[in-house]
Amino acid sequence: MLPPLPPAESKPAPSMISRSAILFVALVALACASPAYAAEVSPGDFFETKIRPLLAANCFQCHGPKKQESDLRLDRREMAMKGSADGPVIVPGKPEKSPLIKAVNYHGDIKMPPKKKLSDEAISDLTNWVKLGAPWPDGPAAAGSGGASAADFYPEAARKHWAFQPVHQPPLPAVKNGAWVKTPIDAFVLAKLETKKLKPAPPAERPALLRRATFDLTGMPPTPAEIEAFLADQSPDAFAHVVDRLLASPRYGERWGRYWLDVARYGDDAGYIGDNKIKEREFLFAYRFRDWVIQALNDDLPYDQFLVAQIAADLLPHKDNAPLAALGFLTVGRRFINHRPEIIDDRIDVVCRGTMGLTVGCARCHNHKFDPIPTEDYYSLYGVLDASVDKDLPLKPADGDKSSDKVMALEDLPKHPNPHVFLRGNENNRGAEVPRRFVAILSGPDRQPFHEGSGRLELARRIASPDNPLTARVLVNRVWLHHFGEGLVHTPSDFGTRSDPPTHPELLDYLAARFVQEGWSLKKLHRLIMLSSVYQESSVGSPEALAADSENMLLARMNRQRLDFEALRDALLIVGGDVDETRGGPTVDILKEPFSRRRTVYAHIARQNVPGLFRAFDVASPDTHSPRRFVTTVPQQALFLMNSPFVVEQAKRLVKRAEISSAGDPVERVRRLHRLLYGREPTDEELRLAGDSSPRPPNPTPASPAVRKS
């Protein structure tokens with residue numbers, strides 16, 4: 001959801017300032033009181049937020065996984081409790097008898113840390129921790145400890161999570177109603193329905209099915225001529241021909257390209273980068289990335305190549321700079337006032353969540369709380385992406401074209417030093433050095449550092465590898481989400497241990513395995529899904545299915561879906577009869593009059609000032625990766641459709657269309673409007689309502705001058 005507008009600035013009265021200052025000081029004092037803090041939070045949270053970072057920053061260099069002076073190791077509970085060569089150093093519940101507490105207080109011969117005494121607050125935290133019984137929750141090794149494989153310290157259940165296991169193509173389940181099975185997808189869905197003694201909904205009516213498919217693949221409604229042609233074609237392959245025609249349309253890339261731009265947090269400016277920097281804020285060539293995505297999808301570029309190009313196109317063979325537009329996946333993000341760690345963090349997030357459903361960003365300041373992703377893995381990827389710099393590169397102009405267009409690309413730096421862990425995420429507090437390499441949980445026992453330049457190409461190939469258990473699963477789930485309104489996994493960008501499990505795990509693996517086997521072809525995946533009986537179901541379910549599965553987790557019917565903003569606006573342009581189907585090029589302002597008639601995918605997306613219309617209709621935020629759009633119902637949506645000059649303009653264009661204005665009979669006019677707007681014939685009730693609302697001449701009184709004159 002897009003962030004709310006900031007409140008209006010106000011200045012409190014002097015008395016309010018004084019009271020606010022007193023309150024602020026009191027709150028700070030309370031927050032700094034360690035005993036109170038320890039009492040208010042759980043022992044586990046106290047350890048994770050206070051004690052583990054303290055030990056990592058001050059103790060692990062001499063008492064960690066690489067070095068254990070006096071045989072003391074403090075990065076793992078069992079070893080810390082075992083103590084040193086002289087015996088235990090921690091006596092749970094008794095800080096006064098714990099050698100560790102004596103050492104940090106500099107009482108006696110042993111003083112730790114030897115170079116500088118800890119702050120009073122840190123000593124107080126350690127003392128209270130021991131007094132609480134030295135709670136040490138089960139979990140990963142400490143962040144920044146420099147361990148060779150911190151993922152090994154995660155619970156077995158986390159490492160054996162379903163999403164981290166290899167993809168296997170399961171056998172098709174046996175079903176009773178074999179006649180309903182059109183594609184293998186149906187067997188997996190029907191098997192679950194039959195175990196619950198439920199039946200799938202009947203097929204959708206043909207006009208509804210055509211409308212569903214046309215909006216799904218092109219984001220526009222079918223024309224009356226397309227509807228008539230489909231209804232007249234009674235061959236068994238009639239719908240397959242429709243799907244093939246729609247996949248071959250250039251509108252397909254525009255529709256599905258917009259979905260990927262949500263994933264890629266596409267925007268046409270850098271966001272806030274400082275006052276009086278409007279010119280520097282604009283991304284003049286971001287649209288080149290948008291156009292590349294649309295063309296790649298229309299060309300059915302294999303998805304593995306699609307991903308590799310967006311992460312490392314500059315490191316692939318290329319004759320000119322045009323293919324480097326793909327690097328916009330990394331370069332069109334926010335600039336965070338040019339703060340480098342935030343820029344790299346944003347890129348780690350879009351790469352990992354966008355392609356693998358892996359929330360690596362949660363390991364920036366500490367080891368991931370739930371998934372087997374240590375902080376070392378985060379900074380290994382940080383080093384890969386930090387070893388390149390942004391660079392706008394010129395495009396080769398066409399004959400006679402003096403265009404100065406460029407692409408927002410990347411270029412490897414000449415040197416690629418290994419990164420260091422930022423302790424607690426603080427770039428000014430550096431911990432152990434880590435190599436640039438792939439995440440441990442997906443690498444196996446023989447994980448090796450990247451050695452080709454920055455490592456971006458190696459990273460891209462590891463992500464897009466058939467051996468990566470996440471990439472294909474995440475992609476087929478995204479495609480399923482947009483066709484059915486809900487994914488097989490309901491958390492499309494989080495396949496970690498806290499994610500929702502798949503509703504149909506065998507089906508998810510079947511689709512992922514087949515997707516890779518068929519050359520990572522998105523169009524083949526669409527065809528497989530759309531030719532299934534489950535896709536062609538009616539959205540009207542049986543009473544039994546509604547009672548047993550109100551959320552339609554078993555897919556006993558098709559989910560009803562609302563049009564997103566792009567499809568809504570494009571449909572208005574279509575019925576207005578004069579849509580501009582120019583492909584590609586610079587963005588356009590769709591909010592100013594005279595209104596642009598170009599498709600909405602070409603609209604200018606401003607981060608600094610996101611239009612209220614986009615917010616009202618749940619357009620994806622360009623500030624961060626968007627797994628899926630929110631679906632809200634707010635008054636502003638109805639007000640736009642009733643009062644917007646743009647909508648009024650389309651309504652006027654609609655009634656002026658020849659096929660509408662030429663209908664002399666009001667009933668025929670209503671029929672033609674329904675065919676054009678809804679792709680179907682009006683019901684008897686709709687005809688009656690239309691007749692009741694038809695304009696009638698006034699009924700003047702007999703004394704009316706108008707009557708006498710007539």
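Tutor: Let's start with a definition: helices are DSSP runs of H or I with at least four residues, numbered from the N terminus. Keep in mind that we are looking at a predicted model.

Student: Which residue with a positive phi follows α13?
Tutor: Helix α13 covers residues 250–263. What follows α13 is a residue with phi near 45°, and that residue is R265.

Student: How far apart are the end C-alpha atoms of α13, and what span should its residues give?
Tutor: Helix α13 has 14 residues, and the estimate uses 1.5 Å a residue. The expected span is 1.5 Å times one less than the number of residues. That gives 20 Å for α13, which agrees with an end-to-end C-alpha distance of 21 Å.

Student: Which residue caps the N-terminal end of α13?
Tutor: Look for a side-chain oxygen 3.0 Å from the backbone nitrogen of R251. That oxygen belongs to S249.

Student: How many of the residues of α13 are buried?
Tutor: The rest of the structure largely encloses α13. This follows because the buried residues in α13 number 13 of the 14.

Student: Is T218 buried or exposed?
Tutor: T218 sits in helix α10, residues 206–218. A polar atom of the T218 side chain lies 2.6 Å from the backbone oxygen of T214. Leaving aside neighbours within four places in sequence, T218 contacts L246, S249, R251, R255 and R599. The relative accessibility of T218 is 2%, and the cut-off is under 20%, so T218 is buried.

Student: Why is C59 in no disulfide with C62?
Tutor: A disulfide needs the two cysteine sulfur atoms within 2.5 Å. The closest cysteine sulfur to that of C59 is in C62, and this is too far for a bond because the distance is 8.8 Å.

Student: What is the relative accessible area of C62?
Tutor: C59 counts as buried at 15%. C62, in contrast, is partly exposed, with a relative accessible area of 26%.

Student: Which residues have the most contacts inside the largest nonpolar core?
Tutor: That core has 148 residues. Apart from it lies another core of 25 residues, F47 and V89 among them. Inside the largest core, the residues with the most contacts are L358, W480 and L511.

Student: Is the pair of W480 and F484 stacked or edge-to-face?
Tutor: Both residues lie in helix α21, four residues apart, about one turn of the helix. W480 and F484 are also both buried. Their ring centres are 4.1 Å apart and their planes meet at 15°; planes under 30 degrees apart count as stacked, so the pair is stacked.

Student: What is the angle between the planes of W162 and F495?
Tutor: This pair links distant parts of the chain, 333 residues apart. W162 is partly exposed at 24% relative accessibility, whereas F495 is buried at 0%. The ring centres are 5.5 Å apart, and the pair is tilted, with an angle between the planes of 50°.

Student: How many aromatic pairs does the whole structure hold?
Tutor: One aromatic cluster is formed by W260, W292, Y303, F306, F329, F515 and W520. Across the whole structure, the number of aromatic pairs found is 26.

Notes. Residues numbered from 1 in each chain as written. Predicted model: local features only at pLDDT ≥ 70, side-chain atom pairs only at ≥ 80, totals over all residues. Heavy atoms only, no water. Buried < 20%, exposed > 50% of the residue type's maximum accessible area, 1.4 Å probe, protein only. Helix = DSSP H or I, 4+ residues; strand = E, 2+ residues; numbered from the N terminus. Polar contact = N/O pair within 3.5 Å; in protein donor to acceptor, adjacent residues only side chain to side chain. Core = buried A, V, L, I, M, F, W, Y, C linked by side-chain atoms within 4.5 Å. Phe/Tyr/Trp six-rings, centres within 6.5 Å; stacked < 30°, edge-to-face > 60°. Contact = heavy atoms within 4.5 Å.
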